[in-house]
Amino acid sequence: MSKEKLRIAVQKSGRLNEDSLKILKDAGISIDNGKEQLKASSRNFPLEVLYLRNGDIPQYLRDGVVDVAIIGENVLIEKGQDIIHAEKLGFSKCRVSLAVPKSLKYTDINDLDGKKIATSYPNTVNAFLEKKGISAELHIINGSVEIAPNIGLADAICDIVSSGSTLFKNNLKEVEVMLKSEAVLAISPKISSDRKEILEKLQFRLKSVLNARTSKYILLNAPNARLDDIIKLLPGMRSPTVLPLAEEGWSSVHTVINEERFWEVIDELKAYGAEGILVAPIEKMVI
Ligand SMILES: Nc1ncnc2c1ncn2[C@@H]1O[C@H](COP(=O)(O)OP(=O)(O)OP(=O)(O)O)[C@@H](O)[C@H]1O
Ligand SMILES: O=P(O)(O)OC[C@H]1O[C@H](OP(=O)(O)OP(=O)(O)O)[C@H](O)[C@@H]1O
Ligand SMILES: [Mg+2]
């Protein structure tokens, strides 16, 4: 067997670290994790993990020091336009937005012309402003950006927004959403063909985990008279499984459904007489 290993960068600590390790674990990849180690290997998958600062990862990918990484799309947009985004991983969802003091009357982006904007995302802001034909002075800071208007450092800010509570606490309001982001699997343009084979195996596993996370297995009892209507609401992987119940005139229907779709159709299912609806998690889903 080849000794080749795929090298993946995972955030050392911060918002992405825990969910990144969790998705690898759910994909059946065990990583022995000495807390202080910056490098670790998997026992059961040809993977080497490097724990790095999120902001440094685009450069490591570009140089081919790591083959793949779990990173926020926002960082790739800011610093890694040349890097391939593969799977969206469904966690660390946020947006990168412009915000101004609540007291400021804001009509549109023209209100920021000639103003000072504090941000850790200068390339993203510049590209956005350029597209809108606006010029502003950027004040680049690495953290606590939201405090800038309160201390007279800037008129507006551009930073990550999720719940909006940091903006609220700093008396700011979100006025423009520049981009939406979530964690993604990013791929180095320099990855070798041997490692690409390992990457394909990793992507297959991640997709199975992601499919399972967004789907549910449902079982319900349905009156035979309304079976056709109920089945139309429940497409399933190929089609639902229908089994007769011991009680005449009733069937048991089993299927897989996207969780959001389940909540959309639940009232209709009940209206067609579906009973005893059970919803179960799916561990892995190979399509
Ligand atoms: N409040 C939030 N809600 C959801 N996702 C977020 C939030 N803040 C940041 N993120 C996402 O998580 C990523 C990592 O954020 P975090 O604050 O942990 O690291 P950082 O300080 O930007 O980077 P570094 O690892 O270089 O110190 C961001 O790039 C973004 O994609
Ligand atoms: O809309 P909210 O839910 O309030 O989240 C947004 C905040 O979260 C991030 O900061 P973080 O907590 O990661 O601190 P950091 O500046 O130390 O990275 C981001 O920089 C915002 O300040
Ligand atoms: Mg942060």
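## Around ligand 2

In this predicted model, ligand 2 sits among Arg15, Gly143, Glu146, Asp159, Ile160, Val161, Ser162, Ser163, Gly164, Ser165 and Thr166. Sorted by class, that shell holds six polar, three charged and two nonpolar residues.

Two elements supply at least two residues each: strand S9, residues 156–161, and helix H5, residues 165–169. Strand S9 is the biggest giver here, with three residues in the shell.

## Around ligand 1

Ligand 1 has 15 residues around it, and the ones that come nearest are Gly14, Arg15, Asn54, Gly72 and Ser162. Arg15 and Ser162 also turn up in the shell of ligand 2. The class count for ligand 1 is nine polar, four nonpolar and two charged residues.

Where does ligand 1 lie relative to domain 1 and domain 2? It lies between them, because both domain 1 (6–91 + 182–191) and domain 2 (94–181) give residues to its shell.

## How the chain is divided

The domain assignment splits the protein chain into domain 1 (6–91 + 182–191), domain 2 (94–181) and domain 3 (214–281). Note that domain 1 is made of two stretches of sequence, 6–91 and 182–191. Taken over C-alpha atoms, the centres of domain 1 and domain 2 are 28 Å apart.

Where domain 1 and domain 2 meet, six residues of domain 1 are in contact with seven of domain 2. On the domain 1 side, helix H3 (residues 73–79) provides the largest share, four residues. That side is made up of three charged, two polar and one nonpolar residue.

## What UniProt lists

An unreviewed UniProt entry gives "domain: ATP phosphoribosyltransferase catalytic" at residues 53–207. In the model, that span is 29% helix and 30% strand, and its end C-alpha atoms lie 25 Å apart.

The unreviewed entry in UniProt also has "domain: Histidine biosynthesis HisG C-terminal" at residues 212–284. Here the chain is 32% helix and 40% strand, with just 5 Å between the end C-alpha atoms.

## The nonpolar cores

As a rule, nonpolar side chains in soluble globular proteins tend to be buried together. In this model the largest nonpolar core has 32 residues, and the members that touch the most others are Ile8, Val68, Ala69, Ile70, Ile71 and Ala186. Quite a few elements give two or more residues to this core: strands S1 (6–11), S3 (47–52), S4 (68–72) and S11 (183–187), plus helices H1 (17–26), H2 (57–63), H3 and H6 (193–214).

Take Ile70 as a sample. Setting aside residues up to four places away in sequence, Ile70 touches Val10, Leu16, Ser20, Leu89, Ala183 and Leu185. There is also a second, separate core of 18 residues, with Tyr121, Val145, Cys158 and Leu172 among them.

## Two residues with positive phi

Most residues other than glycine have a negative phi. Ser92 goes the other way, with a phi near 55 degrees. You'll find Ser92 in the loop between strand S5 (84–88) and strand S6 (94–101). Is Ser92 buried or exposed? Ser92 counts as buried because it has 22 C-beta neighbours inside 10 Å, and the cut-off for that label is 20 or more.

Asn171 is another non-glycine residue with a positive phi, at about 60 degrees. Asn171 is in the loop between H5 and strand S10 (172–181). With 13 C-beta neighbours inside 10 Å, Asn171 counts as partly exposed.

## Two more spots to look at

Ile191 is in the loop between S11 and H6. With 19 other C-beta atoms within 10 Å, Ile191 is partly exposed; the buried label needs 20 or more. Apart from neighbours within four places in sequence, Ile191 contacts Asp67, Lys196 and Leu199. Ile191 and Val68 are 123 residues apart in sequence, yet their C-alpha atoms are 8.2 Å apart in space.

Asn126 is in helix H4, residues 122–132. Asn126 counts as partly exposed, with 15 C-beta neighbours inside 10 Å. From Asn126 to Gly72 the separation is 54 residues in sequence and 19 Å in space, C-alpha to C-alpha. Gly72 is also one of the residues that come nearest to ligand 1.

Technical notes:
Residues are numbered from 1 along each chain as its sequence is written. Chains are lettered from A and ligands numbered from 1 in the order in which they are written. This is a predicted model: local features need pLDDT of at least 70, side-chain atom pairs count only at pLDDT 80 or more; totals for chains, interfaces and linings use all residues. A residue is near a molecule or strand if its C-beta atom, placed from the backbone, lies within 6 Å of it. Ala, Val, Leu, Ile, Met, Phe, Trp, Tyr, Cys and Pro count as nonpolar, Asp, Glu, Lys and Arg as charged, and the others, Gly among them, as polar. Domain bounds come from an automatic or database domain assignment. Two residues are in contact if their C-beta atoms, placed from the backbone, lie within 7 Å. A nonpolar core is a set of buried Ala, Val, Leu, Ile, Met, Phe, Trp, Tyr and Cys residues joined through C-beta atoms within 7 Å. A residue is buried if 20 or more other C-beta atoms lie within 10 Å of its own, exposed if 12 or fewer, and partly exposed in between; C-beta atoms are placed from the backbone. UniProt positions are given in the numbering used here, feature names are shortened, and annotations may be inferred rather than shown by experiment.
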